[in-house]
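Subject: Structure for you to look at

Hello,

Here is the structure I promised to hand over. Please open it and keep it beside you as you read my notes.

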Amino acid sequence: MDKAVSTPAGVKRAVIFLGAPGAGKGTQAREAAKELGVPHLSTGDMFRENVAKGTELGRRAEPIMKSGALVPDDITLGMVEERIGRTDCARGFIFDGFPRTLAQAEKLDELLQQRGFGKATVVYITVPDEIVIRRVTGRRTCKQCGAIYNIYDAPPKVAGRCDHDGAELVQRADDSEQTARSRIEAYHRQTLPLVEHYRRAGALVEVDGTVDAASVNRAIMKILRAV
Ligand code: AMP
């Protein structure tokens, strides 16, 4: 794959993937980051790593994540600011699951400006709620390589095993039906206002997330290669 073809050398770019839990942000952001050769920054993954390692940050985030609520802005922003300060982010990066509140979006606008980034490109993946619930509760992830499956719509060849490496597939603790509903409720209340924030800034591009993943990827790459 050609890398960042339309980005002239020296241009720094931040891309944000916005959408409900289960809209396909993770799958799409990971693929786009690979194709553009920039880091994929998932705040959900960062929190889960901290929980797995038993860090102080992980201990604070774990019960909040289990309930389906959002981790407080100060904790999230501190973690993100440290991450985008690392050298691998100098040329650009793709955010997956961040920002999720207006306060996070406003602080991010500031951080990007301070670091010499132009206006972010916000890819908004739209999917109706009823599809989102099925996607979230059916989601299984490979313990080893992180590949994502869905027991209803994209099952592995052998139940419970990854097609790539045969490792065990696991369900995220917060993908149970009850927690999924709380996460979708938090999305409507706290994250949806970001759509207007970025639309007003002229940064938003909408992509239909109900079609198959390869088609969504094509639509996204067309947009990202054109900006
Ligand atoms: P995700 O993997 O993006 O669905 O995130 C899983 C959980 O991590 C969320 O339900 C939140 O509890 C927490 N989380 C991830 N990103 C953020 C964020 N930007 N702000 C607050 N909490 C977050």
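Start with a pair of residues: Phe-17 stands opposite Asp-96 in β3. This is a predicted model, so please read everything below in that light.

The strands come next. Phe-17 belongs to a longer pairing, as β1 (residues 13-18) and β3 are joined by five bridges. These two strands run parallel. Strand β2 (residues 40-42) also pairs with β3, again in the parallel sense, over three bridges. Look for His-40 there: its bridge partner in β3 is Ile-94.

How many residues of β3 are buried? Five of its five, across residues 92-96. In a regular strand, side chains alternate between the two faces of the sheet. You can follow this along β3. Gly-92, Ile-94 and Asp-96 point one way. Phe-93 and Phe-95 point the other way. Both sets are buried.

Now find Ala-120. It sits in the loop between α5 (102-114) and β4 (121-126). Is Ala-120 buried or exposed? Its relative accessible area is 12%, and buried means under 20%, so Ala-120 is buried. What does Ala-120 touch, beyond its neighbours within four places in sequence? It is in contact with Ala-14, Ile-16, Leu-112 and Ala-203. Also check Asp-109, which is eleven residues from Ala-120 in sequence. In space, the two are 8.3 Å apart, C-alpha to C-alpha.

Helix α6 (residues 129-138) is worth a stop. Its buried residues are Val-132, Ile-133, Arg-135, Val-136, Thr-137 and Gly-138. What do they pack against? The partners are β5 (139-142), β6 (148-150) and α7 (177-191).

Last, the second largest pocket. It holds about 290 Å³ of space. The elements that give two or more residues to its lining are β2, α2 (43-53) and α4 (73-84). Which of them gives the most? That is α2, with five residues. The lining includes His-40, Asp-45, Glu-49, Lys-53, Met-79 and Arg-86. So you meet His-40 twice: it lines this pocket, and it is bridged to Ile-94 in β3. By class, the lining has six charged, three polar and three nonpolar residues.

Best wishes

Methods. Residues numbered from 1 in each chain as written. Predicted model: local features only at pLDDT ≥ 70, side-chain atom pairs only at ≥ 80, totals over all residues. Heavy atoms only, no water. Helix = DSSP H or I, 4+ residues; strand = E, 2+ residues; numbered from the N terminus. Buried < 20%, exposed > 50% of the residue type's maximum accessible area, 1.4 Å probe, protein only. Contact = heavy atoms within 4.5 Å. Pairing = 2+ DSSP bridges. 1 Å grid on protein atoms, 1.4 Å probe; cavity = no way out; pocket = protein on both sides within 12 Å on 5 of 7 lines; lining within 4 Å. Points joined across faces, edges and corners; volume = space filled by probe spheres on them. Nonpolar A, V, L, I, M, F, W, Y, C, P; charged D, E, K, R; others polar.
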